[in-house]
Amino acid sequence: MEYLKLFAKAVDDGYGGKMYVPTTLGYVAIIAAIVIALLIASSLIIGKREKKVSAKQLAVSAICVALAFLTSNIKLFSFPFGGSVTLLSMLFICVIGYWYGFGAGILTGVAYGFLQMIVDPYVLTLPQLLVDYPLAFGALGLSGIGYHFDKKHKYGGLLIGYICGVLGRYFFAFISGWIFFGEYAWKGWGAVAYSLAYNGAYLGAEAAITIVIIAIPYVQRAFKNVKAIIY
């Protein structure tokens with residue numbers, strides 16, 4: 001569709017195909033989407049709370065997005081067709097769901113997904129863009145289950161929430177790898193098995209490192225104490 005050319009242009013992907021990167025108008029649209037997502041997340045967090053509290057909670061979400069972005073650039077290992085093992089970047093998005101619930105977590109993840117698309121875009125089609133960025137990163141907000149878990153149990157909500165958030169992102173990464181990147185499957189591998197293994201490798205490695213850290217009782221107590229302060 002012609003109007004889409006206003007927002008993205010085709011470039012060589014380095015593998016004999018083509019990918020799309022945002023135009024100036026495209027970047028403006030993405031930034032607007034990030035701001036809108038954060039504002040909606042803030043309104044979901046606030047509910048009927050006073051305006052003064054909303055500013056603090058919006059600031060917490062923005063700080064976590066910034067920390068996630070910074071740590072996402074500390075890459076322990078990068079994969080050729082996207083995906084990398086980073087220094088706890090998914091944790092900083094998951095804690096929003098853990099602290100404030102599903103709605104705020106999912107929308108903060110969506111905002112972060114658009115930010116990732118600005119900085120390191122790999123876009124083949126509009127459906128792939130939606131799956132790989134807003135949906136995959138938004139799924140990290142499923143960590144909101146930890147918010148409810150902590151209401152019934154003393155500790156463990158952060159760990160449970162983080163695992164749920166990563167599994168949510170893994171689901172969409174698997175869908176993307178299967179449907180949009182299956183042609184790059186290793187020799188002798190089907191698209192489904194390839195996507196399960198490829199995406200499981202980098203997401204599983206980062207999740208394992210993070211889980212070891214947040215499984216420490218002292219770390220869980222620290223995050224829960226922060227939750228009590230900022231909520």
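The expected span of a helix is 1.5 Å times one less than its number of residues. Keep that rule at hand for the tour of this predicted model.

**Stop 1: the whole chain**

Show everything as a cartoon. The protein has nine helices and four strands. Follow the chain and the pattern reads β-β-α-α-β-β-α-α-α-α-α-α-α. Of the 231 residues, 47% are buried. Now consider contacts with a separation of 6 or more: 65% of them join residues 24 or more positions apart.

**Stop 2: helix 5**

Select residues 126–138, which form helix 5. Try the rule here. The 13 residues of helix 5 should span 18 Å, and the end C-alpha atoms are 17 Å apart, so the two values agree.

Go to the N-terminal end of helix 5, where Thr125 acts as the cap. A side-chain oxygen of Thr125 sits 3.2 Å from the backbone nitrogen of Gln128.

Next, colour the buried residues of helix 5, among them Leu129, Tyr133, Pro134 and Gly138. What do the buried residues of helix 5 pack against? They pack against helix 4 (102–119) and helix 7.

**Stop 3: helix 5 against helix 7**

Add residues 157–179, which are helix 7. The axes of helix 5 and helix 7 come within 8 Å and cross at roughly 170 degrees. Angles over 145 degrees count as roughly antiparallel, so helix 5 is roughly antiparallel to helix 7.

Show side chains at the contact. Helix 5 supplies Gln128, Val131, Asp132, Leu135, Ala136 and Phe137. Helix 7 supplies Arg169, Phe172, Ile175 and Ser176. By class, the contact of helix 5 with helix 7 has six nonpolar, two polar and two charged residues.

**Stop 4: Ser176**

Zoom in on Ser176, in helix 7. Is Ser176 buried or exposed? Its relative accessibility is 1%, and the cut-off for buried is under 20%, so Ser176 counts as buried. Set aside the neighbours within four places in sequence, and Ser176 is in contact with Gln128, Val131, Asp132 and Phe181.

**Stop 5: helix 3 against helix 4**

Select residues 89–100 for helix 3, then add helix 4. Which two values describe a packed pair of helices? The angle between their axes and the distance between the axes. For helix 3 and helix 4, the angle is about 150 degrees and the axes are 7 Å apart. Helix 3 and helix 4 are therefore roughly antiparallel to each other.

Finish with the side chains. Ser89, Ile93, Ile96, Gly97 and Tyr100 of helix 3 meet Ala104, Gly105, Thr108, Gly109 and Tyr112 of helix 4. The contact of helix 3 with helix 4 has five nonpolar, five polar and no charged residues.

Note on methods: Residues numbered from 1 in each chain as written. Predicted model: local features only at pLDDT ≥ 70, side-chain atom pairs only at ≥ 80, totals over all residues. Heavy atoms only, no water. Axes fitted to C-alpha atoms, helices over the stretch in contact; angles between N-to-C directions. Helix = DSSP H or I, 4+ residues; strand = E, 2+ residues; numbered from the N terminus. Parallel < 35°, antiparallel > 145°, perpendicular 65-115°, else oblique. Contact = heavy atoms within 4.5 Å. Nonpolar A, V, L, I, M, F, W, Y, C, P; charged D, E, K, R; others polar. Buried < 20%, exposed > 50% of the residue type's maximum accessible area, 1.4 Å probe, protein only. Polar contact = N/O pair within 3.5 Å; in protein donor to acceptor, adjacent residues only side chain to side chain.
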